[in-house]
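Please open the structure in your viewer and keep the selection panel at hand. The stops below say what to select next and what is there.

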Amino acid sequence: MTDLPDDLSADVAAYLGRLGLDQEPPSAGALSRLHRAQVERVPYETLWIHAGDVWDVDVDSSVRRVAHRRRGGYCFHVNGAFSRLLGALGYDVTLHAGGVHGPDGPTAAAIENHLVLLVHGLPTDDHPDGTWYVDAGLGDALHGPLPLRAGVHTDGVFEFRLDRVELGFADWHLHHHALGSFAGMAFEATPTTIERFTARNHELATSPTSTFTRTATAQRRDASGVHVLRGQVLSHVGRDVGDARTLETRDEWFDALREVFDLPLDDLTTERRDHLWARVHATHEAWLATRDT
C-alpha cells in the first residue's frame, strides 16, 4: 500500500474489511477480486436522496460512508470511493466522464451523468495492453472489470459489448446486456477529475425531472445477476427477469434492505427512517394509482 495519512489508512483498512478482502499487490486477478467484492458488498443506492440527505462528490466523504457507515451511493460515490481504494492499493487508476443513454443512442448532453474508471498497467496473456474498464456505478451492469478492447465480453450471466467510437464527445461505447435498465453508456478516453461532476451530481440529486428523485432504488450485483429494489418492488434479474414482489410493510422493506443489499441504514435516526419510508410508500401508492387509470 502506498504511504497515506493515518486517518485515510484507517479508512482504507475499514473499506477492505467491508469487502472481506486482505491487501495484496496489484494484479489483474486482484483487481477482479476487488471489483466483484465492491459490487457484491457495496450496493448502488439512491436512498440518501429520499431520506433528505445531500451528498456531494467529495471522494474522501464517499470513502468514509462506504467504509464506516455501510452505505453505497450512485456512480459518483461508489466509483469515486473505489478509485481512492484502488489508488491507495497501488493501482494506476484514472477517472473519465461518461454518459448513460436510452434507446435513442449516445448524446453529448448525457456526458458527465456518469463516472467511469480505467485501470492501467496490468497486462495479461489475453490482454497485453493492460488497461481495464472498471465500473461499480451502473447498478445492474458489471460484476468484474472488462479488458478495454472492442468486442463482446461475457461477465457472469450477462454479455456486454465495447466499441471504439469517434463521436466527437466520446471515444468508447458500452452496450448494456439485453435485460439491462438502460441501453448503453459512452465515455471519454481523456482522464478528468471528480470536481467535473459537481454540478451534474447536484442536478441529478435535486431536479424533480431526475429519475433519481422520482424513485428510490437499491441494486446489488453478484454472480447470479442483479438484485433490484425500485420503490417497494423487489426483483432479481439473471438469465431472465425473475418474479417481482411488493414489500408491503415498513418492516419488510427495511428487512430487505438489510438482508438483500447489506444496507442496515444504522446511520439514520428513527425519525429519518420514518420519513424515508413515508416518501417511498407515497410514491408507490401514486404509481399504483396510475396503473388503475
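**A cluster of rings**

Begin by selecting Trp-48, Trp-55, Tyr-74, Phe-76, Phe-197 and Phe-212, which ring pairs link into a cluster. The model on your screen is a predicted one, and a count of aromatic pairs in it comes to eight. One of them is formed by Trp-48 and Trp-55, whose rings are stacked, with 4.7 Å from centre to centre and 5° between the planes. Trp-48 counts as buried, at 1% relative accessibility, and Trp-55 is buried as well, with a relative accessible area of 5%.

Keep Trp-55 in view and add Arg-65, whose charged end sits over the ring of Trp-55 at 3.9 Å from its centre.

Then select Ser-62, which lies in helix α4 and counts as buried at 1% relative accessibility. If its neighbours within four places in sequence are left aside, Ser-62 is in contact with Phe-76, His-77 and Ala-81; of these, Phe-76 also belongs to the ring cluster with which the tour began.

**From helix α4 to helix α1**

Stay with helix α4, which covers residues 59-69, and select Arg-64 together with Asp-11. These two form a salt bridge in which the closest N and O atoms are 3.0 Å apart. Because Asp-11 lies in helix α1 (residues 6-19) and Arg-64 in helix α4, the pair ties together parts that are 53 residues apart in sequence. Is Asp-11 buried or exposed? Asp-11 counts as buried, at 4% relative accessibility, whereas Arg-64 is partly exposed, with a relative accessible area of 33%.

**Other salt bridges**

A search of the whole structure finds 18 salt bridges, and a few further examples can be selected in turn. Glu-45, Arg-69, Arg-71 and Asp-267 should be shown together, since salt bridges link them in a network.

Next, go to helix α6 (residues 198-206), where Glu-203 and Arg-200 both lie, three residues apart, or about one turn of the helix. Their salt bridge has its closest N and O atoms 3.5 Å apart. Glu-203 is partly exposed, with a relative accessible area of 42%, while Arg-200 counts as buried at 16% relative accessibility.

A further salt bridge joins Arg-245 to Glu-252, with 3.1 Å between the closest N and O atoms. Here Arg-245 counts as partly exposed at 45% relative accessibility, and Glu-252 is also partly exposed, with a relative accessible area of 27%.

**Helices α8 and α9**

Now select Trp-253 and Trp-277, an aromatic pair that is tilted, with 5.8 Å from centre to centre and 50° between the planes. Both tryptophans, Trp-253 and Trp-277, are buried. Trp-253 lies in helix α8 (residues 250-261) and Trp-277 in helix α9 (residues 270-292), so this pair ties together parts that are 24 residues apart in sequence. Then add Phe-254 and Arg-273 to the view: Arg-273 lies over the face of Phe-254, at 4.3 Å from the ring centre.

**The sheet and the helix on it**

For the next stop, switch to a cartoon view and colour the strands. In which order do the eight strands of the open sheet run? The order is β5-β4-β3-β2-β9-β8-β7-β6, and the pairing is antiparallel. The edge strands are β5 (146-147) and β6 (151-155), each of which pairs on one side only. Select helix α5 (residues 75-88) as well, which packs on the sheet and touches β2, β3 (114-120) and β4 (132-134). The direction of helix α5 makes about 20° with that of β3.

Within the sheet, look at strand β2 (residues 92-101) beside strand β9 (residues 184-187), where the two pair in the antiparallel sense over four bridges. To find one place where they meet, select His-101, whose bridge partner in β9 is Gly-184.

**A loop to finish**

Finally, select Gly-180, which lies in the loop between β8 (172-175) and β9. Gly-180 is partly exposed, with a relative accessible area of 23%. If you add Asp-163, which is 17 residues away along the chain, you can trace the 18 Å that separates the C-alpha atoms of Gly-180 and Asp-163.

How values were computed
Residues are numbered from 1 along each chain as its sequence is written. This is a predicted model: local features need pLDDT of at least 70, side-chain atom pairs count only at pLDDT 80 or more; totals for chains, interfaces and linings use all residues. Side-chain values use heavy atoms; hydrogens and water are left out. Two strands pair if DSSP finds at least two bridges between them. Contact means heavy atoms within 4.5 Å. Axes are lines fitted to C-alpha atoms, for helices over the stretch in contact, and angles run from 0 to 180 degrees between N-to-C directions. A salt bridge is a side-chain nitrogen of Lys or Arg within 4 Å of a carboxyl oxygen of Asp or Glu. Buried means under 20% relative accessible area, exposed over 50%, partly exposed in between (1.4 Å probe, protein chains only). Rings of Phe, Tyr and Trp (its six-membered ring) pair if their centres lie within 6.5 Å; planes under 30 degrees apart count as stacked, over 60 as edge-to-face and the rest as tilted. A charge sits over a ring if NZ of Lys or CZ of Arg is within 6 Å of the ring centre and within 35 degrees of the ring normal.
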